[in-house]
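Me: Please take a close look at one helix and tell me how it is shaped and what surrounds it. Add whatever else about the model helps to place it.

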Amino acid sequence: MSISWPFLWHGVLPQLLAAVPMTLTLTLLSALGSALFGVPLALALGSAARWRRWPAQGYSLLMRGTPMLVQIYLIYYGLGSLIPREWMRHSWASPVLRDAFWYGLTALTLNETAYVAVILKVGLDAVDRGQHEAAQALGLSRMITLTRILLPQALAVVFPMLANEFILLLKSTVLVSTITIFDVLGTANTIRFETLRVDEPLLGAAAVYLVLVGLVTLMGLPIERRLRRYR
Amino acid sequence: MSLWEAPLGGYGMQLLLGLRLTLQVSLCSYTVGLVFGLLGAAAKLSHRRSLRLGAGLYTTLVRALPELLLVLLAFYIGAGLAERLAVFAGLAPQGFSLNPFVVAVVALGFIQGAYITEVLRAAVLAIPRGQHDAARALNLPPLTYLGRIVAPQALTHALGGLGNIWLNATKDASLISVLGIFSDVLKVSSLAAAATKHYVIFYAVAGAAFLIITLISMALLEWLRRRLMPLHVT
């Protein structure tokens, strides 16, 4: 191993840092999407009705029981091959359908939703039964009960798990580098192929991810402290 | 050629061989992971500060880095370093190169070891302090204490966590397909999909293969959990 520090500092790191917004965008958008879709899925997972619970359980098993890489390929190559080429070329949706970014984001979101839902279900199960009954006795609507009573308490319980899941999500975004998305690892791989040097791009990428994960961990701590008052 | 003339367009046998490789990588890497995990947990629980610091660095670094990046680091940097070190130490002849299977297994095992370290450490710490004092009072030899008192109790605490890591290990085995030198089940599926243009079918087959591994593992883990239940003293 021979590291050229000037190359790492002036040639590699600026390019990797320029790719950080892509990694963060993928992470944040799929986190938002999975939070949005994760709530109804968590409710379905805890539902007493079988026709709601079984599909939800099937979905979460499918997403959590297969590697994310397979899901990414299935969506990128599989979905891409199902869309008729002729239609795709002339359609208004063509810029979206041609860009690997949207396939990567879809795969990340679909996968993450299953994990978030299971965590949220743990939180919702932890909320005292009496809270449901009190909300009902007060005549609160189901929506208000969910958003103002159940979710805040559930979130306070599972926030550490969600913060941990966010870090896992940040780390799993690297998998979309395999479908020509230029996130930090994708950019490092491009530098690797173009310059035929491996040490600087890979170690540079490792440093960037280390800093990102460190920052996310530090940012989670004050939120965790704030949420504790809901417990 | 129709896809159904031969099983999966003639790729059936290759897919089965790929599945075998995936299972071999999963099992071997998990075994290596258990070794790293045992050493890591022992180091984290040790009285020596340097060992605790080293193990802390190991688990923090490995768990902060993406698995795919760690696999790439192992193949493109780690393996070369290990080879040169082996030659330098006189353990291997000049021009020695590591078997890629070994590199993959050690790399994935190294990753799982970091997670296993945390699970085992927590499992040992969950054993009540009184057990230690009682063993001291009975003057049990240290090895008997570890083997008959600590290990069985820690195992019941750790089983859930170890099971989850095993499930992850089977999925992480798919990462080696990115390297292009292994014909694991995902790589064979990719090649078959690209050659036949039946992308959905072949990637669905790959997904189904992993799902079957997951389902069988879950059933086995549940059986194991029931078997070990009587050991659970609370």
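Reply: The account below starts with helix α9 of chain A and then turns to the contact between the chains and some loop residues.

This is a predicted model, in which local features need pLDDT of at least 70, side-chain atom pairs count only at pLDDT 80 or more, and totals for chains, interfaces and linings use all residues. Residues are numbered from 1 along each chain as its sequence is written, while chains are lettered from A and ligands numbered from 1 in the order in which they are written.

Helix α9 of chain A covers residues 142-172. Helices here are DSSP runs of H or I with at least four residues, strands are runs of E with at least two, and both are numbered from the N terminus. The end C-alpha atoms of α9(A) are only 35 Å apart, whereas a straight helix of 31 residues would span 45 Å; the expected span is 1.5 Å times one less than the number of residues. α9(A) has a kink of about 65° at V158(A), shortly before the proline P160(A). The bend at a residue is the angle between axes fitted to the seven residues ending there and the seven starting there.

V158(A) is also one of the buried residues of α9(A), which include L150(A), A154(A), F159(A) and L162(A). A residue is buried if 20 or more other C-beta atoms lie within 10 Å of its own, exposed if 12 or fewer, and partly exposed in between, with C-beta atoms placed from the backbone. Among the elements that cover these buried residues are α2, α4, α7, α8 and α11 of chain A.

Helix α1 of chain A, residues 5-18, reaches 19 Å from its first C-alpha to its last, close to the expected 20 Å. α1(A) bends by about 40° at V12(A), and the proline P14(A) follows within four residues.

Next, the contact between the chains. Here 26 residues of chain A are in contact with 28 residues of chain B, contact meaning that the C-beta atoms of two residues, placed from the backbone, lie within 7 Å. On the chain A side, α3, α4 and α11 each supply at least two residues, and α4(A) gives the most, with eight.

Finally, two loop residues. L196(A), in the loop between α10 and α11 of chain A, has a positive phi of about 60° although it is not a glycine. L196(A) is exposed, because 7 other C-beta atoms lie within 10 Å. K197(B), in the loop between α7 and α8 of chain B, has a positive phi near 65°.
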